[in-house]
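Me: I am new to this structure and would like to go through it step by step. Please take my questions in turn and show how each answer is reached.

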Amino acid sequence: MYQLGDNWVSISSPLLPPQFAQSVALAVRGRRTAMAAVAAEPAAAAVAAAAEDRELQREAKLGLDDQWHQIENAESGRERPLQAGESWFLVKQHWYKQWEVYVQGGDQDASTFPGCINNAELFEDQINWRLKEGLVEGKDYVLLPAAAWHYLVSWYGLEDGQPPIERKVIKLPNIQKVEVYLVELLLVQHTDMDTILTAQFSHTDTLDVVLSTAREHFLVEPQEDTRLWIKNSEGSLDRLCNTQITLLDAAIETGQLVIMETRNKDGTWPSTQLHGMKNMAEEDEDFQGQPGICGLTNLGNTCFMNSALQCLSNVPQLTEYFLNNRYLDELNFRNPLGMKGELAEAYADLVKQAWSGYHRSIVPNVFKNKVGHFATQFLGYQQHDSQELLSFLLDGLHEDLNRVKKKEYVELCEANGRPDQEVAQEAWQNHKRRNDSVIVDTFHGLFKSTLVCPDCGNVSVTFDPFCYLSVPLPVCHKRVLEVFFIPMDPRRKPEQHRVVVPKKGNISDLCVALSKHTGIAPDKMIVTDVFSHRFYKLYQLEDPLSSILDRDDIFVYEVTGRIEPIEGSRDDIVVPVYLRERTQARDYNNSYYGLILFGHPLLVSVPRDRFSWEGLYNILMYRLSRYVTKPTSDEEDDGDEKGDDNEEEEEEENEASSDEEGKEEIPGPSTRGDLQDSEPEQPGPSSGVNRRCPFLLDNRLHTSQWPPRRRRKQLFTLQTVNSNGTSDRTISPEEVQTQPYIAMDWEPEMKRRYYDEVEAEGYVKHDCVGYVLKKAPVQLQECIELFTTMETLEKENPWYCSSCKQHQLATKKLDLWALPEILIIHLKRFSFSKFSHEKLDTLVQFPIRDLDFSEFVIKPQNELAPDLYKYDLIAVSNHYGGMRDGHYTTFACNKDSGQWHYFDDNSVSPVNENQIESKAAYVLFYQRQDVARRQPQPDSSVPSASPAFKSSPGPEFMDVEVP
């Protein structure tokens with residue numbers, strides 16, 4: 001040891017410069033002999049030690065000129081430039097000025113000797129040794145680099161008990177400076193707001209340093225998870241999410257209160273519980289279950305979200321990634337394509353709660369709010385597709401956890417004749433230059449895409465990454481249609497048929513199929529869509545069957561002519577006929593009559609020579625004879641007697657009714673009661689309304705209403721109406737060329753007496769009604785083969801050929817080049833076309849184990865590692881129901897126990913493997929066998945996972961009392 005002033009310093013101390021340490025060592029060795037000679041006498045030893053000290057100090061000190069040079073001008077002196085991270089020391093200005101006078105005087109024995117370095121006046125007190133506020137460089141202190149400071153301490157010593165005032169050089173925007181004043185923060189725990197730790201940090205320290213300091217001081221266990229809050233100027237608390245930024249970037253100032261929050265054992269945050277965000281209020285606090293066996297509450301049509309989350313939660317390597325907090329180091333808060341880390345944090349909290357083992361079920365409302373915030377299509381509580389949410393979630397997690405902080409521009413490279421292996425490696429490296437995350441590591445594979453121009457034969461080969469496979473299902477080219485056949489024979493009831501027709505066929509195919517059941521020639525049929533007692537559509541033979549939806553009511557009428565007869569033809573005329581009932585509707589006078597449609601409309605074949613009101617009435621009476629009773633002769637005579645007396649009155653009523661109905665020329669719901677119906681009126685038929693009608697040109701119907709005068713009792717009156725049956729037609733020059741619709745208007749009393757509604761609605765079922773189109777199950781391998789089958793691009797999606805410089809309908813083929821650790825297979829059960837949407841409920845048989853992709857991967861394979869191409873099932877997202885409604889559930893295999901469970905929202909139950917395969921299987925999750933073997937084997941006795949997280953709803957808050 002060597003004494004500098006009143007301080008003892010080791011010769012090897014870094015406070016001593018190397019030259020000084022060497023000189024001291026030589027001096028000590030030179031005098032050891034003399035000291036040993038007098039060591040026996042204590043008094044002599046003390047005198048010798050004092051003399052030794054004075055002599056060493058004189059020898060250690062350089063000359064005054066050399067001192068001045070070392071402190072002021074040398075590379076280690078005050079003139080050296082600042083470098084970030086270096087240490088500089090504060091020295092009191094008064095002492096330094098005294099030293100300058102001393103060394104410039106040139107006399108080492110002068111009275112201006114400055115003595116030990118004394119910085120006492122720079123401190124507020126000598127207990128905490130806190131610097132005084134407002135000190136000014138050049139007035140109160142000078143700054144010395146570390147080497148200069150050590151020289152001065154070696155020559156003059158430091159006042160006993162005083163700490164050196166060491167400060168770091170920090171790099172600020174456009175400048176480097178010595179950070180004289182540190183940031184002083186008040187650290188507390190959320191559980192003990194009274195115990196405050198005062199700690200100082202550099203502006204360039206990260207928030208992670210603050211968190212580590214708090215964890216160390218408050219003795220937090222390594223496996224416990226913590227997060228920081230800070231009290232802002234308004235008195236509220238804000239989350240410090242990104243712990244990788246500096247205090248300077250976070251705009252944290254001296255004196256602010258920082259609170260460290262520690263997660264509960266069940267994975268929840270105390271701050272969220274203060275706001276009533278407990279997962280299940282009725283849950284037993286002492287519940288301890290198998291980690292991962294945890295349901296998710298349905299918040300209202302959120303079963304699609306629950307299903308997707310349960311599948312992802314049971315991906316072993318992804319779940320371990322979050323449970324072990326590896327995601328914290330990879331959160332990307334500045335990715336413009338990401339969600340500022342919020343989605344990843346919300347998902348991590350959800351996973352940790354589910355795998356804490358302390359919940360039977362949790363409420364994913366925080367996660368739901370985060371998803372809706374960043375993807376507005378998932379706002380609200382409408383039903384959505386689990387695969388669509390899964391796609392968004394994987395992409396969002398990838399961007400939030402992307403290790404690439406600044407994406408570079410990468411051009412798409414084509415093969416241009418190069419070997420596939422070279423092009424594929426280049427494509428994957430380019431992909432990783434912009435996308436590098438746990439999602440890429442786990443779920444991304446590589447396609448080979450080959451496009452061939454049909455004109456010039458140009459071949460384009462590219463390699464593209466994928467996150468999941470959307471494979472088509474083998475589609476049956478037949479469909480079953482349910483129709484009602486209306487024969488012309490009035491004695492026969494309508495017949496219900498189920499006919500098998502081609503999916504891409506025409507209406508003529510339907511007529512041919514129905515002809516086989518009925519024996520009626522196809523050209524004697526007219527196909528219609530009946531809705532709300534009227535014809536919604538009259539189909540032409542060339543119309544596509546795809547325009548008929550499964551829910552449509554299709555009526556096929558036997559006829560002996562066509563609706564649009566050819567001029568000069570002798571074919572019968574087909575007339576559409578509606579049934580209407582007069583009913584008293586309230587008007588201002590309570591005296592006005594309206595009409596409502598009832599029953600099924602008719603298509604009536606009328607011979608040309610009988611086309612008159614009288615002839616039409618008789619034909620209709622014949623067609624309705626099965627359920628309409630003719631009046632007796634006495635009733636007809638009674639009608640004749642009354643007819644003469646009431647003739648004038650009835651004519652006035654008919655005219656009034658005609659006038660009122662004539663005002664409703666535009667199809668649509670009646671607002672005045674002249675046509676009352678329980679459903680909104682629909683647009684009329686799309687065919688047969690703008691054709692020339694020869695029988696009208698023959699002027700056989702001289703009036704739009706019949707009978708004009710009642711001479712004998714009639715059951716109904718006839719009027720021409722529009723296609724909706726909502727208003728009378730007048731034979732104007734404009735309407736004379738359009739197809740007439742006839743309405744049979746019944747008086748309520750006449751309908752009650754002569755019209756049998758029960759019989760009118762009766763029908764019989766043909767033997768074919770029991771026919772069910774059997775769908776043979778398909779193998780998953782068949783779907784994958786379809787996926788890799790060559791196809792021709794659609795007109796809506798042409799490809800631009802770089803050779804012939806035109807958009808072409810090229811042939812395209814996708815091949816699998818490299819497969820990921822977790823392979824997601826989406827079965828495309830939902831089919832969409834211009835006219836119809838349908839769900840394919842085909843049973844797809846898929847293996848639980850040993851799904852072999854070796855025959856589908858075209859990359860040269862490693863025969864020594866067959867596990868690289870074999871997969872085992874770990875989860876299935878199921879969809880039950882149809883297009884408009886349905887329900888999602890999940891089968892998943894627990895990574896710890898190896899047991900399969902069925903997740904139905906908040907309900908979880910164990911299942912056997914033979915229950916997993918069903919027609920509801922929608923999204924399959926497979927794990928590569930080599931990855932599974934690297935993981936710990938399932939053990940039913942594994943303890944519960946470490947406590948989990950749950951983030952508070954954004955904007956995040958914490959409700960605690962702070963000083």
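**Strands, helices and their contacts**

Me: How many bridges join strand S9 to strand S10?
Reply: Please keep in mind that this is a predicted model. Strand S9 covers residues 226–231 and strand S10 covers residues 237–240, and the two run antiparallel. Within this pairing Trp229 stands opposite Arg239 in S10, and the number of bridges that join the two strands is four.

Me: Which residue takes a positive phi in the hairpin of S9 and S10?
Reply: The hairpin has five residues between its strands. The residue there with a positive phi, near 95°, is Gly235.

Me: What is the order of the strands in the open sheet of four strands?
Reply: The sheet is open and its strands pair in the antiparallel sense. Strand S4 (141–145) and strand S6 (175–178) each have a single partner strand and stand at the edges, so one side of each is left without a neighbour in the sheet. From one strand to the next the twist averages 35°, and the order of the strands is S4-S3-S5-S6.

Me: In S4, which residue is the bridge partner of Phe89?
Reply: Strand S3, made of residues 87–92, is joined to S4 by five bridges, with the two strands running antiparallel. In that pairing, the partner of Phe89 on S4 is Leu144.

Me: At about what angle does helix H5 run to S4?
Reply: Helix H5 takes up residues 146–156 and lies across both S3 and S4. Just after this helix comes Gly157, whose phi is positive, near 80°. The angle at which H5 runs to S4 is about 105°.

Me: How many of the 11 residues of H5 are buried?
Reply: A residue counts as buried when its relative accessible area is under 20%. Among the residues of H5 that meet this are Trp149, Tyr151, Leu152 and Trp155. The helix is largely enclosed by the rest of the structure, because the number of its 11 residues that are buried is nine.

Me: Is Asp107 buried, partly exposed or exposed?
Reply: Asp107 is found in the loop between helix H4 (93–105) and S4. Leaving aside its neighbours within four places in sequence, Asp107 is in contact with Leu64 and Tyr102, and its C-alpha atom is 9.7 Å from that of Gly63, a residue 44 places away along the chain. Buried would call for under 20% relative accessible area and exposed for over 50%. Since the relative accessibility of Asp107 is 40%, this residue counts as partly exposed.

Me: How do H9 and H10 stand to each other, roughly parallel or roughly perpendicular?
Reply: Helix H9 (residues 316–323) packs against H10 with the axes 9 Å apart and at an angle of about 100°. An angle of 65 to 115 degrees is the range that counts here, which makes the two helices roughly perpendicular.

Me: Which residues of H10 make the contact with H9?
Reply: From H9, the contact is made by Leu318, Thr319, Phe322 and Leu323. By class, the contact of the two helices has seven nonpolar, one polar and one charged residues. On the side of H10, the residues are Ala344, Tyr347, Ala348, Val351 and Lys352.

Me: What is the handedness of the crossing in which H10 passes H12, left-handed or right-handed?
Reply: Helix H10 (residues 342–354) and helix H12 (residues 386–400) have axes that come within 8 Å and cross at roughly 110°, which makes H10 roughly perpendicular to H12. The contact joins Glu342, Leu343, Ala344 and Tyr347 of H10 to Phe392, Leu393, Gly396, Leu397 and Asp400 of H12, and these residues divide into six nonpolar, one polar and two charged. The crossing itself is left-handed.

Me: In S33, which residue is the bridge partner of Leu446?
Reply: Strand S14 (residues 445–452) runs antiparallel to strand S33 (residues 811–818), and seven bridges join them. S33 also pairs in the antiparallel sense with strand S30 (residues 791–792), over two bridges, and there Thr792 has Thr811 as its partner. For Leu446, the partner in S33 is Ala818.

Me: What percentage of the residues in the protein is buried?
Reply: The protein as a whole has 22 helices and 43 strands. Among its contacts between residues at least 6 apart in sequence, 72% join residues at least 24 apart. Out of 963 residues, the buried share is 50%.

Note on methods. Residues numbered from 1 in each chain as written. Predicted model: local features only at pLDDT ≥ 70, side-chain atom pairs only at ≥ 80, totals over all residues. Heavy atoms only, no water. Pairing = 2+ DSSP bridges. Axes fitted to C-alpha atoms, helices over the stretch in contact; angles between N-to-C directions. Parallel < 35°, antiparallel > 145°, perpendicular 65-115°, else oblique. Left-handed = near helix turned anticlockwise from the far one by under 90°. Contact = heavy atoms within 4.5 Å. Nonpolar A, V, L, I, M, F, W, Y, C, P; charged D, E, K, R; others polar. Buried < 20%, exposed > 50% of the residue type's maximum accessible area, 1.4 Å probe, protein only.
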